[in-house]
Amino acid sequence: MSGSVQRILIANAKGGCGKSTVATNLASFYAAQGIGTALFDYDDQRSSTRWLSRRPSDKPAIHGVDASATSCLNVTRTWLLRVPENVERIIIDTPAGRKGDELIRQTKDINCIIVPVLPSPIDIQATADFIRDLLLLCKVRERHIKLAIIANRTRTNTLSFKALEKFLATLKIPVIARLRDTQQYTRAVEQGCGVHEIKSSHASRDVAHWNLLLNWLEAENNNQSEQTTHNHAQACIHT
Ligand SMILES: Nc1ncnc2c1ncn2[C@@H]1O[C@H](COP(=O)(O)OP(=O)(O)OP(=O)(O)O)[C@@H](O)[C@H]1O
Ligand SMILES: [Mg+2]
């Protein structure tokens with residue numbers, strides 16, 4: 001694992017597509033690998049913050065930041081948003097409806113954006129608009145921010161799944177997981193756990209999806225670090 005801090009934003013303007021589910025699971029998978037992990041919650045519904053408050057004390061710790069509260073507290077925002085020194089991965093859960101300047105601000109200093117999308121025509125349309133904003137408004141490619149999609153609540157052999165696959169094939173963006181529509185996620189959320197932490201013989205397929213997803217993220221992270229080192233070396237040569 002790379003020692004540099006990686007900020008991973010989970011976002012989609014569409015509500016209910018699985019942002020908090022992805023954020024909480026990702027945080028718990030990183031923590032399970034012994035990586036210092038922080039979970040920032042910018043949504044005043046506080047789903048991720050509540051999930052963290054239910055987390056059993058025998059599970060690997062995650063540093064929680066209720067970032068939605070910072071604007072109404074009489075403390076400086078920078079102080080509240082600070083993370084412990086051992087934190088290497090910052091997972092950021094965001095509210096639905098982010099657009100315009102707010103979205104541009106939210107993508108500041110981000111290394112990777114993960115967009116969950118549901119297999120439904122309304123969600124596909126909203127996600128297409130959101131991705132257009134990320135590309136044209138936030139200029140994520142020019143800023144070398146990695147962009148990836150998670151197809152969520154999928155049921156293979158359904159018409160809606162086929163429509164989603166058709167949409168995903170039109171994008172030049174990696175689809176890093178196709179998560180099943182399963183009660184395992186609801187159970188995990190209730191327990192303050194990730195799907196790998198609940199006692200269930202039915203979750204092994206889901207855990208396998210997450211392991212692949214983490215491999216992709218870490219491989220990209222290593223590429224990015226190598227690129228930075230390479231650029232630094234080039235800069236040294238030219239000075
Ligand atoms: N793969 C899945 N299988 C089954 N249920 C799921 C799955 N992913 C999410 N859910 C459920 O769908 C609902 C919405 O998920 P979630 O809260 O993660 O979405 P969200 O994008 O964070 O919503 P909001 O925009 O309101 O913040 C929750 O009840 C969650 O438990
Ligand atoms: Mg949410």
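**A parallel strand core and the surroundings of ligand 1**

In this predicted model, strand E5 (residues 112–117), helix H5 (residues 121–137) and strand E6 (146–154) form a right-handed β-α-β unit. Helices (H or I, at least four residues) and strands (E, at least two) are DSSP runs, numbered from the N terminus. A crossover is called right-handed if, with the strands pointing away from the viewer, the path from the first strand over the helix to the second runs clockwise. The chain then crosses from E6 through helix H6 (residues 159–170) to strand E7 (residues 175–180), again in a right-handed β-α-β crossover.

Residues are numbered from 1 along each chain as its sequence is written, while chains are lettered from A and ligands numbered from 1 in the order in which they are written. Because the model is predicted, local features need pLDDT of at least 70 and side-chain atom pairs count only at pLDDT 80 or more, whereas totals for chains, interfaces and linings use all residues.

The protein chain holds 8 helices and 7 strands. Of its 239 residues, 37% are buried, meaning that 20 or more other C-beta atoms, placed from the backbone, lie within 10 Å of the residue's own. Among contacts with a separation of 6 or more, 77% link residues 24 or more positions apart; a contact here requires C-beta atoms, placed from the backbone, within 7 Å.

E6 has parallel partners in E5 and E7. It pairs with E5 over 6 bridges, where two strands pair if DSSP finds at least two bridges between them, and proline 116 has isoleucine 150 of E6 as its bridge partner. With E7, E6 shares 4 bridges, and isoleucine 149 stands opposite valine 175 there. E6 is mostly covered, with 7 of its 9 residues buried.

Strand E4 (residues 87–93) also has parallel partners, described next. Strand E1 (residues 6–10) joins E4 in the parallel sense over 5 bridges, with isoleucine 10 matched to aspartate 93. Strand E2 (residues 36–41) runs parallel to E4 over 6 bridges; here glycine 36 is partnered with valine 87 and leucine 39 with isoleucine 91. Since 5 of the 7 residues of E4 are buried, E4 is largely enclosed by the rest of the structure.

E2 is likewise mostly covered, with 6 of its 6 residues buried. Gly36, Ala38 and Phe40 point one way from the strand, and Thr37, Leu39 and Asp41 the other way. E2 also runs parallel to strand E3 (residues 63–65), joined by 3 bridges, and leucine 39 has glycine 64 as its bridge partner in E3. Together with helix H2 (residues 47–53), E2 and E3 make a right-handed β-α-β unit.

Turning to the ligand, 19 residues lie around ligand 1, and Gly15, Lys19, Ser20, Thr21 and Ala96 come nearest; a residue is near if its C-beta atom, placed from the backbone, lies within 6 Å. Helix H1 (19–32), E6 and helix H7 (183–191) are the elements that give two or more residues to this shell. By class, the shell has 5 nonpolar, 10 polar and 4 charged residues, where Ala, Val, Leu, Ile, Met, Phe, Trp, Tyr, Cys and Pro count as nonpolar, Asp, Glu, Lys and Arg as charged, and the others, Gly among them, as polar.

With 13 of its 14 residues buried, H1 is largely enclosed by the rest of the structure. Just after H1, glycine 34 takes a positive phi of about 80°.

Definitions and conventions: Buried ≥ 20, exposed ≤ 12 C-beta atoms within 10 Å, placed from the backbone. Contact = placed C-beta atoms within 7 Å.
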